Number of protein chains: 2
Amino acid sequence: MGSDSPHSITPLLHVHDTMSTRAPLEPIVWRDLTPLIAPKSVAIIGASQRSSSALNREPRGNRVIRNLKNFGYPGRIITVNPKYTEVMDCPCYPEIAAIPEPVDCVVSAVPNRHVPDLLESAANAGVRAAVVFAAGFGEIGGEGKIRQARLEALSKDRGFLICGPNCYGVLNVHGKAPLFASAIPQGFLAGSVALVSQSGGLSTTIANALMLNRRVGLSHIVSCGNQAGATVEEYFNYFVEDENTRVIAAFVEGFKQPQKLLAVARKAAARNKPIIVLKGGRSEVSQRAAATHSGSVAGSAEIFDAAFHQGGIVSVRSLNELIDTVSIFSCDGFMKKYKGGRRIGVLSGSGGECTLVSDAAANVGLEVPELTEATKSQLRQAVADFGNMNNPLDGTGAMYDDEKIFPRLLQALIDDAHIDIVTINIEANDPRPKELKSGNRFSAATEKAATSSKKPIACFSSIVGGPVDPEILLPLREAGVPLMEGAECAAVAIRNLAEYFEFQETRQSKAAAEAGTASSHEKLPSGILPAQSAFRLLAEFGIVVQHIAPEGIEMILGIKRDPLFGPVVLCGFGGILVELLKDVAIGIPGLSRAQAHNMLKRLRGFPILGGVRGKPPADVGALCGAIVGLSQLASSLGNQLASLDINPLIVLPKGNGVIAVDALVQIAK
Amino acid sequence: MGSDSPHSITPLLHVHDTMSTRAPLEPIVWRDLTPLIAPKSVAIIGASQRSSSALNREPRGNRVIRNLKNFGYPGRIITVNPKYTEVMDCPCYPEIAAIPEPVDCVVSAVPNRHVPDLLESAANAGVRAAVVFAAGFGEIGGEGKIRQARLEALSKDRGFLICGPNCYGVLNVHGKAPLFASAIPQGFLAGSVALVSQSGGLSTTIANALMLNRRVGLSHIVSCGNQAGATVEEYFNYFVEDENTRVIAAFVEGFKQPQKLLAVARKAAARNKPIIVLKGGRSEVSQRAAATHSGSVAGSAEIFDAAFHQGGIVSVRSLNELIDTVSIFSCDGFMKKYKGGRRIGVLSGSGGECTLVSDAAANVGLEVPELTEATKSQLRQAVADFGNMNNPLDGTGAMYDDEKIFPRLLQALIDDAHIDIVTINIEANDPRPKELKSGNRFSAATEKAATSSKKPIACFSSIVGGPVDPEILLPLREAGVPLMEGAECAAVAIRNLAEYFEFQETRQSKAAAEAGTASSHEKLPSGILPAQSAFRLLAEFGIVVQHIAPEGIEMILGIKRDPLFGPVVLCGFGGILVELLKDVAIGIPGLSRAQAHNMLKRLRGFPILGGVRGKPPADVGALCGAIVGLSQLASSLGNQLASLDINPLIVLPKGNGVIAVDALVQIAK
């Protein structure tokens, strides 16, 4: 079919702006997590008068009460224990049903075997939510799985909200509600980042690094463990709607409601709240680890990568990349000044670092443009005898010897018209004695420049590690200058930022509004469809078909069912690229033409479509149309489609369309 | 030509064990750097009686004298200044020629314009070496280049040894000779790592991180700047022969004598001294930065990667990878126990980290094998009710609650027959108050286990950054347990170690002894050789040729001249893989069959040779033979060869050889 073909794909389609094709079939409903995250009253089960003062020996219930009191929880704290009438100055009742006042949330600090009964009694008593610390549920299989199933049923059938089990719980910073199992150190830094981590240990590890090494404040910490009740997607939705939260960061082993992931991503994008996710479980071994840790099904890394791309979710690959990406996204002063773009200016006092940061930038697709002639002229006037006119700008020894030089070099980069972000290599983690350090002088000058600069400025150290000097970190952060450690992490964090802005620009363009969805298709007979029926089905969705292969680029196009996402669309080049290099692009149905085009651009073989080895450019527009058609087909057939393969799909020269030569469609029983 | 072809490639070849084909043509001569690195007497030019006490205002000459005295330099310190008869209690003479005693090395702390005259007068007075701190030489072009040329001539023509210019100089730790421009903090840690860095700033940054965050001691620091005299290769050679050095670490922007690099790598490998190199200048921008920083020609990243592979040089990609790789290679107790292998066992108290480290391991090609049945049985007996029998081994909350559990889990991993290295996730950089940390208890148990364990044990933290607790770091290091930060860095450092061991095993096998070299070829007429002559030339080196292409795998094979390395051999698949993915393997001539085979294995398309899409396996042996033949041809023709392309080279099914269908040979004028 040519892109100007008389065939139309409209009869079955309604163009609207949703990203999820399930929407018209199964409308997405979000539960309100307020009783769990911002409860007006809590009941603690598992606190005792016989509490040891040693931290590691303190019952978790008592620790939660201590956390609530230290944080200044404004709601009611009630305890449940048949032995007492009060615990830690809180009223105590023998059972939940005996509590004479309304309870929003119970905190269960009792052994796993008691939990299902306890939560059922709580639900019966009108409680709406629970935090469950105990391990020994889905992650251990067997009886643990049975216990977890009872919690899941409570959540699903009665709308009871559960954080956990196998978790540290919820810490609502601004609401002063730490239903949290771990001791909370003094000096907790409030801010706008909501952190969701299935792992309890990593939730505090990440939070501490953000607060202490980056001066990033938090609005919430949620350690959600096995997600028997509330899911990561639901927490995301809560934080998208929460006015104290502007950035959402997460460590996730498995998404339980991936069909909701793109929906919440769309809401987040519309409100300009970035979601930054470290997704574990990319390999066979780590998927096994995720299963035994939080009972999670990690799913296919490739499909999650595709979903993250499609939804504008910022996907990071390590804890440090998470921390530095959050450092920059959460820095207000910086973000207000950043208008998009991948061109960085770099100022360093180390020539060696100039070389290394250039390598790091090139590696992730950032540009380090040459300075403009205007900047060079400005430098000549401002800094006499300063020969170096490059970007990265090497301040050399002169920058250390003469304190007038650094501010002038910095200003030259700020003023350069080709630079989107100014980065400064400052050692905020210099382990040497104070008299040997020079970072403080440079950071003071940077702070001053940032106050008046309209261009965003960020700092990075050469090496990652060592204590970060608060005298450098704090004033910079307050002046809207985020700190990152290591050229590699800094470069990738800035790249993540630039990509997010590019996503937002594309999303707001008209191409994104072209996504279509489909009504439910009539039931087809199960098994492999006869060739004529398969071809007719494709034709219904705008792919014209013929048996004889003309000259063109051979591709494969198909749909497979993912256990988590349901039907997904696959596209790749035929032959060696797909076999050897697994060069396949994936799209989650509900694809717009712009998204189909983005899919293609992620293929390593993408330049082939532009014409290589003397061949004319291929009809990429028609190929995008075929992908959108397949996406509609997938949505329309829903669960009745087992798999679909078009092999080969011939992409003809531009203007001549694409042709499906052979197709195999399998309908589920 | 089949691998069993009657044709022989021996007539021109002599099989011996050198890796450099230049050897028989231009034998490699190493200069003795002792006067520069371990001088018996030094003369400081640029010290004054009018020295300020403020560190940043102190003349560099005075700082060197202070460094020498603080370090307890055992040799003679003489100063040169026409104004005084003594400076800082050292005798002072008006000029070098007036010094009445022998001087091994001068330290030049004077402005760049004085340096060439000064060094010439030193050489005339019988001095054998100099350290030159000043910048303003090759890196600024113009007159700086002319100045540098005079230094290069002194080095080349008169054998005068020069460290620098544009550097911090030489710090010989065990010899107590710090001819070093930067202030040296108290508590300098002596050890067995020699650090070579062109950048002065990075030399101290790397050294401080090694000493303070990893407890790694140094034998030398050399900041060699522009390498106008002594080259990185020469320093490597010195340290290979130095008995105080066991590991060589380097940050290099450009190698000036790459033809010596493989020769020194061979010596280092024979003495089991790893060379670990961070090579900057991989991108266009960073190559420009390297040129303006140290006047370096960075060269082609792909060719250096090939040379590093071929020579067993451990190539790292970031400062932190350098630090963690050095941390493990330099840890005696660990290295004595390590016998090779990529199978790691992991013990962690965080399930989330178990997932992340598994991803990091898979990402770099480490294995995380399942525990053996014997280990599972051991765990069942040692730790009742402990359900988790996986690798990574998640100690869960139980490991924190019961102090008997951690040592038993650790012992189980040590005893597991399928694990080569035991790794433990310990937070040595936990920023929380001491009472909330648990790392100390686990590190004490690890230290105890390491003392009796025959298996190597390493520790790693989850996050990189924050102060490393010396109470954890020091005892572990002394027990032979290196610390690394971050799962990603730990995984890549262990992978680097495993690869080095694999290289050493291959090197010691008989295949490596097959490398041949060639005598000089007769002179050929310049320009493009007529087809018949080209074919005859290939045939001389054992590649049989024919005009008609039979069925087989199309490859390209060629030789191109690299400005740094001279002729290099290229090999890749025809068509899209080479055009689109730049999938080309490179070898530096002097290739053995084993090295040719390693080249092929680095091609992404390598599996094609094993037979894909129903095709039979290809004649890889014959292909290796053709690569070795081309390597001989390159060596034999030397500089008279401008370029050579065989396109296509058809690789026939196994046993049937390879056929060159077309060849283009260009002889230089």
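Contact means heavy atoms within 4.5 Å. The model is predicted. The exercises below use that contact rule where needed.

**Exercise 1. The two sides of helix 14**

Find which residues of helix 14 of chain B are buried, why they share a side, and what covers them.

Solution.
- Step 1. Helix 14 of chain B spans residues 373-382. Its buried residues are B:Thr375, B:Lys376 and B:Leu379. Buried here means under 20% relative accessible area.
- Step 2. Around the axis these residues cover an arc of only 100 degrees, so they lie on the same side of helix 14 of chain B.
- Step 3. An α-helix has 3.6 residues a turn, so residues three or four places apart point the same way.
- Step 4. Turn to the face directed away from the buried side of helix 14 of chain B. The exposed residues B:Glu373, B:Ala374 and B:Gln381 sit there.
- Step 5. Apply the contact rule. The cover over the buried residues of helix 14 of chain B includes strand 17 (393-394) and helix 16 (405-415) of chain B.

**Exercise 2. The interface of chains A and B**

Describe the interface by its contacts, its area and its composition on the side of chain B.

Solution.
- Step 1. Count contacts. On chain B, 77 residues touch 77 residues of chain A.
- Step 2. Take the area. About 5700 Å² is buried between chain B and chain A, with 63% given by carbon and sulfur atoms.
- Step 3. List the charged pairs. There are 2 salt bridges between chain B and chain A. One of them joins B:Arg288 to A:Glu370, with 3.7 Å between the closest N and O atoms.
- Step 4. Add the polar contacts. Across the interface, 17 residue pairs are found, both residues at pLDDT 80 or more.
- Step 5. Assign elements. Those of chain B giving two or more residues to the side that touches chain A include helix 6 (200-214), strand 14 (275-279) and helix 9 (284-294). Helix 13 of chain B gives the largest share, 9 residues.
- Step 6. Sort by type. The side of chain B that touches chain A has 33 nonpolar, 25 polar and 19 charged residues.

**Exercise 3. The surroundings of B:Thr245**

Decide whether B:Thr245 is buried or exposed, and name its polar partner.

Solution.
- Step 1. Locate the residue. B:Thr245 is in the loop between helix 7 (232-241) and strand 13 (247-252) of chain B.
- Step 2. Check its accessibility. The relative accessible area of B:Thr245 is 0%, so B:Thr245 is buried.
- Step 3. Find the partner. The side chains of B:Thr245 and B:Ser219 make a polar contact of 2.8 Å.
- Step 4. Look at the neighbours. Leaving out residues up to four places away in sequence, B:Thr245 touches B:Ser192, B:Ala194, B:Ser219, B:His220, B:Phe239 and B:Lys273.

**Exercise 4. Salt bridges within chains**

The whole structure holds 40 salt bridges over all chains. Trace what three of them connect within a chain.

Solution.
- Step 1. A:Asp117 and A:Arg150 meet at 2.7 Å, N to O. A:Asp117 is in helix 4 of chain A and A:Arg150 in helix 5 of chain A, so the pair ties parts 33 residues apart in sequence. A:Arg150 is partly exposed, at 32% relative accessible area.
- Step 2. A:Arg282 pairs with A:Asp305, the closest N and O atoms being 2.6 Å apart. A:Arg282 is in the loop between strand 14 and helix 9 of chain A, and A:Asp305 is in helix 10 of chain A, so the pair ties parts 23 residues apart in sequence.
- Step 3. B:Arg342 bridges to B:Glu502 at 2.7 Å between the closest N and O atoms. The pair links distant parts of the chain, 160 residues apart.

Key. Residues are numbered from 1 along each chain as its sequence is written. Chains are lettered from A and ligands numbered from 1 in the order in which they are written. This is a predicted model: local features need pLDDT of at least 70, side-chain atom pairs count only at pLDDT 80 or more; totals for chains, interfaces and linings use all residues. Side-chain values use heavy atoms; hydrogens and water are left out. Buried means under 20% relative accessible area, exposed over 50%, partly exposed in between (1.4 Å probe, protein chains only). Helices (H or I, at least four residues) and strands (E, at least two) are DSSP runs, numbered from the N terminus. The arc is that of the directions from the helix axis to the C-beta atoms. Buried area is the accessible area (1.4 Å probe) that two parts lose on being put together, summed over both. A salt bridge is a side-chain nitrogen of Lys or Arg within 4 Å of a carboxyl oxygen of Asp or Glu. A polar contact is a pair of N or O atoms within 3.5 Å; within protein, one must be able to donate a hydrogen and the other to accept it, and residues adjacent in sequence count only if both atoms are side-chain atoms. Ala, Val, Leu, Ile, Met, Phe, Trp, Tyr, Cys and Pro count as nonpolar, Asp, Glu, Lys and Arg as charged, and the others, Gly among them, as polar.
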